[in-house]
Amino acid sequence: MCSGANLIVRREAWLACEQDIHPEIPSGDDMFLLEAMKKRGYKIAVIDEPDFTAIVRPQTTWRAFLRQRMRWAGKAPHYTDRDIRRCGLIITLANIAQILCPPILLVKFPVEYSLIRERMNKNQLSSISKLQLFSISLLLEILYPFYLLICLVGGLFRKNEW
């Protein structure tokens, strides 16, 4: 997945893919660009360096935050790449399964928590205690499936505009 705030693209690659960016769809040009570049065989890689991280301001209200996420989710039916669609389907089904069968959390959380801990250690973000990290991660793990479904359903059924 990608974020336009963190996307580096050669000009000639962007120009080759420009017609597939879907300006008629609010938001999403970064994901459509990723999809177009993948389709054309361009090299796609992750730059995992803190010096190359874009810092963007969060939405100022919960309503604005959810509207933004619904707008992002609303573009999902327009993706044509099988890998992107498959990834979205797996994430959605895993979260629906967690809602329908909460014990799945016992399998899902340790895996995701280990990835979070690894990431926190890698970036040396030690300003938070292990207990705080565990507690916040568990709370978010429980709430995330509901957030995902609200954004997905809202994004598919509401008029998406800037």
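In this account a surface patch is made of residues with over 30% relative accessible area and no salt bridge, and nonpolar side chains are joined into one patch when they lie within 5 Å. The model is predicted. In it, I8, I47 and F52 make a nonpolar surface patch of about 350 Å². One of these residues, I8, is found in the segment before α1, the helix that spans 11-17. I8 has a relative accessibility of 62%, and because the cut-off for exposed is over 50%, I8 counts as exposed.

The patch is one detail of the surface, and the overall layout of the chain comes next. The secondary structure consists of six helices and zero strands. Read from the N terminus, the order of elements is α-α-α-α-α-α. The chain has 162 residues, and buried residues make up 27% of them. A residue is called buried when its relative accessible area is under 20%, and partly exposed when the value falls between the buried and exposed limits.

How do the helices pack against one another? Two pairs can be described, and both involve α6. Helix α4 covers residues 82-100 and helix α6 covers residues 130-157; the two pack at an angle of about 120°, and their axes are 9 Å apart. Angles of 65 to 115 degrees count as roughly perpendicular and those over 145 as roughly antiparallel. The angle here falls in neither range, and α4 and α6 are therefore oblique to each other. Their crossing is left-handed.

The second pair is α3 and α6. These helices pack at an angle of about 65°, with 7 Å between their axes. That angle makes α3 roughly perpendicular to α6. The crossing of α3 and α6 is right-handed.

Residues on α6 show the packing in finer detail. I150 is placed in helix α6. With a relative accessibility of 48%, I150 counts as partly exposed. I150 and M70 are 80 residues apart in sequence, yet their C-alpha atoms are 8.0 Å apart in space. G154 also lies in helix α6. Is G154 buried or exposed? Its relative accessibility is 16%, so G154 counts as buried. The partner to look at here is G74: G154 and G74 are 80 residues apart in sequence, and 7.8 Å separate them in space, C-alpha to C-alpha.

A further pair of this kind starts from helix α5, residues 105-122, where I116 lies. I116 is partly exposed, because its relative accessibility is 31%. Its counterpart is F134: the two are 18 residues apart in sequence and 9.5 Å apart in space, from C-alpha to C-alpha.

The remaining topic is charge. A salt bridge here is a side-chain nitrogen of Lys or Arg within 4 Å of a carboxyl oxygen of Asp or Glu. By this rule, the model has six salt bridges. In one of them, K39 is paired with D20, and their closest N and O atoms are 3.5 Å apart. This pair links distant parts of the chain, since K39 is in helix α2, residues 29-39, while D20 is in the loop between α1 and α2, 19 residues apart. K39 counts as exposed because its relative accessibility is 61%.

D20 takes part in another salt bridge, this time with R40, the closest N and O atoms being 2.7 Å apart. D20 lies in the loop between α1 and α2 and R40 in the loop between α2 and α3 (62-74), so the pair ties together parts that are 20 residues apart in sequence. R40 is partly exposed, at 32% relative accessibility.

Which residue forms a salt bridge with K38? The partner is D81, and the closest N and O atoms of the pair are 2.9 Å apart. This pair, too, links distant parts of the chain: D81 is in the loop between α3 and α4 and K38 is in helix α2, 43 residues apart. D81 counts as buried because its relative accessibility is 12%, whereas K38 is partly exposed, with a relative accessible area of 36%. Salt bridges that share partners join K38, D81, D83 and R86 into one network.

Terms used
Residues are numbered from 1 along each chain as its sequence is written. This is a predicted model: local features need pLDDT of at least 70, side-chain atom pairs count only at pLDDT 80 or more; totals for chains, interfaces and linings use all residues. Side-chain values use heavy atoms; hydrogens and water are left out. Patches are made of residues with over 30% relative accessible area and no salt bridge: like charges are joined within 9 Å, nonpolar side chains (Val, Leu, Ile, Met, Phe, Trp, Tyr) within 5 Å. Accessible areas come from the Shrake-Rupley method with a 1.4 Å probe; for residues, only the protein chains shown count as cover. Helices (H or I, at least four residues) and strands (E, at least two) are DSSP runs, numbered from the N terminus. Buried means under 20% relative accessible area, exposed over 50%, partly exposed in between (1.4 Å probe, protein chains only). Axes are lines fitted to C-alpha atoms, for helices over the stretch in contact, and angles run from 0 to 180 degrees between N-to-C directions. Angles under 35 degrees count as roughly parallel, over 145 as roughly antiparallel, 65 to 115 as roughly perpendicular and the rest as oblique. A crossing is left-handed if the near helix is turned anticlockwise from the far one by less than a right angle, and right-handed if clockwise.
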